[in-house]
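Here is a quick tour of one protein model, with a stop at its aromatic rings and another at one of its sheets. Have the viewer open as you read.

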Amino acid sequence: MEEPPVGITARLRPSAIMLAAIMAALAVTVALAFGGTPSATAATPGKKIDVVAAENQYGDVAAQVGGAYVRVTSLMSNPGTDPHTFEASVAVAREVGQAGLVVQNGLGYDSFINSIESAAPSTSRKIVNAQELLRLPDSTPNPHLWYDPATMQKVASAIAADLSAIQPAHTAYFSARARTFTRSLSAWRRALASVPENTRVASTEPVADYLLDAAGARNLTPWSFQAAVMNGTDPSPQDVADEKTLISQRRVGALIYNEQVTDPLTESLIGLAHSRHVPVVGVYETMPQPGYDYQSWMLAETSALRKAVMNHTSAEHL
């Protein structure tokens, strides 16, 4: 089984028992439903292409590009739960086994899906992997690639290319929708440019670090602190003291925290921020639903950051 990259835990890896059950289920699926080829029906003319996305933000982009010709299933889609606790199931294995296209993040964030793909190999199934599109090494420490404005443009183009390979008759349709998606990101880019340059923030995890970089903000929290919280381990006492100093002495204009994953340390930092009148901004690992698509989600997160540093307004929940 593939090892997760350095700096990222294996919290999403299925247990050996679960993986055995998944492989057994896939064997049945392949033998009974697909005659040995899991995605053989995906290219049938007139049939919608089954697309499975590991995370709902990727599923949303796939739905926008594929339009009337895709049926999208997103595996991680509940913003009210910790995505790190996700466990693959037999039902998930069947979904992946039937998919004509799988869209995933990579960098160990959704490594469970690699095990499922290996258990049901297919020469016809297409895979879009954001890490591979961005040519990032496995040692890349921050896996939250969807917060980078460059990511989804490339993902949308790759999805259009793969859908076109599956259903060539609709190539112009998929390509046009991918271009429309890319143009629609301009509002987010303008919002990023409106954040005051060199804005100083603190954060509990690196969830939105790519967005902060794109906005020209400076995250003063030590990486070792962010990585420890992300990986579910205790930061060093010195890192905790440094983080509290940033807030208590108001050296930052906002505290950014992962709204989906909180613990007593995070709650204490939020409380400290409130007491020192430092605005708090909650960010999400999976796209909030309903009411958001990928573009409006990223725009809302960026607007919340801008209001925090310019108007001293907290936005702990979208």
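The notes below go from the overall picture to the sheet and then to the aromatic rings.

## Overall picture

Keep in mind that this is a predicted model. The protein comes with 13 helices and eight strands. Its 318 residues are 52% buried, and the exposed surface adds up to about 13,200 Å², with carbon and sulfur atoms supplying 54% of that.

Sequence-distant contacts feature heavily here. Take the contacts between residues at least 6 apart in sequence: 71% of them join residues at least 24 apart.

## A four-stranded sheet

Four of the strands make an open sheet, ordered S6-S5-S7-S8, with parallel pairing. S6 (218-219) and S8 (280-283) sit at the edges with a single partner strand each, so one side of each has no neighbour in the sheet.

At the S6 end, S5 (residues 200-203) is joined to S6 by two bridges, and the two run parallel. If you want a spot to zoom in on, arginine 200 has arginine 218 in S6 as its bridge partner. Helix H12 (residues 264-275) packs on the sheet, where it touches S7 (254-258) and S8. The direction of H12 makes about 155° with that of S7.

## Aromatic rings

Now for the rings. The count comes to ten aromatic pairs. What kind of pair do tyrosine 147 and tryptophan 297 make? Their ring centres are 5.7 Å apart and their planes stand at 65°, over the 60 degree cut-off, so the pair is edge-to-face. This pair links distant parts of the chain, with the two residues 150 apart. Tyrosine 147 is in the loop between helix H5 (130-133) and helix H6 (149-166), while tryptophan 297 belongs to helix H13 (residues 294-311). Both tyrosine 147 and tryptophan 297 are buried.

Tryptophan 297 also pairs with tyrosine 294: the centres are 6.4 Å apart and the planes are at 80°, so this one is edge-to-face too. Here the partners are local, since tyrosine 294 and tryptophan 297 are three residues apart in helix H13 and therefore separated by about one helical turn. Tyrosine 294 counts as buried because its relative accessibility is 0%, and tryptophan 297 counts as buried at 0% as well.

Zoom out a little and these rings turn out to belong to one aromatic cluster, formed by Tyr58, Tyr109, Trp146, Tyr147, Phe181, Trp188, Tyr294 and Trp297.

Methods: Residues numbered from 1 in each chain as written. Predicted model: local features only at pLDDT ≥ 70, side-chain atom pairs only at ≥ 80, totals over all residues. Heavy atoms only, no water. Phe/Tyr/Trp six-rings, centres within 6.5 Å; stacked < 30°, edge-to-face > 60°. Buried < 20%, exposed > 50% of the residue type's maximum accessible area, 1.4 Å probe, protein only. Contact = heavy atoms within 4.5 Å. Areas by Shrake-Rupley, 256 points an atom, 1.4 Å probe, with all protein chains shown as cover. Pairing = 2+ DSSP bridges. Axes fitted to C-alpha atoms, helices over the stretch in contact; angles between N-to-C directions.
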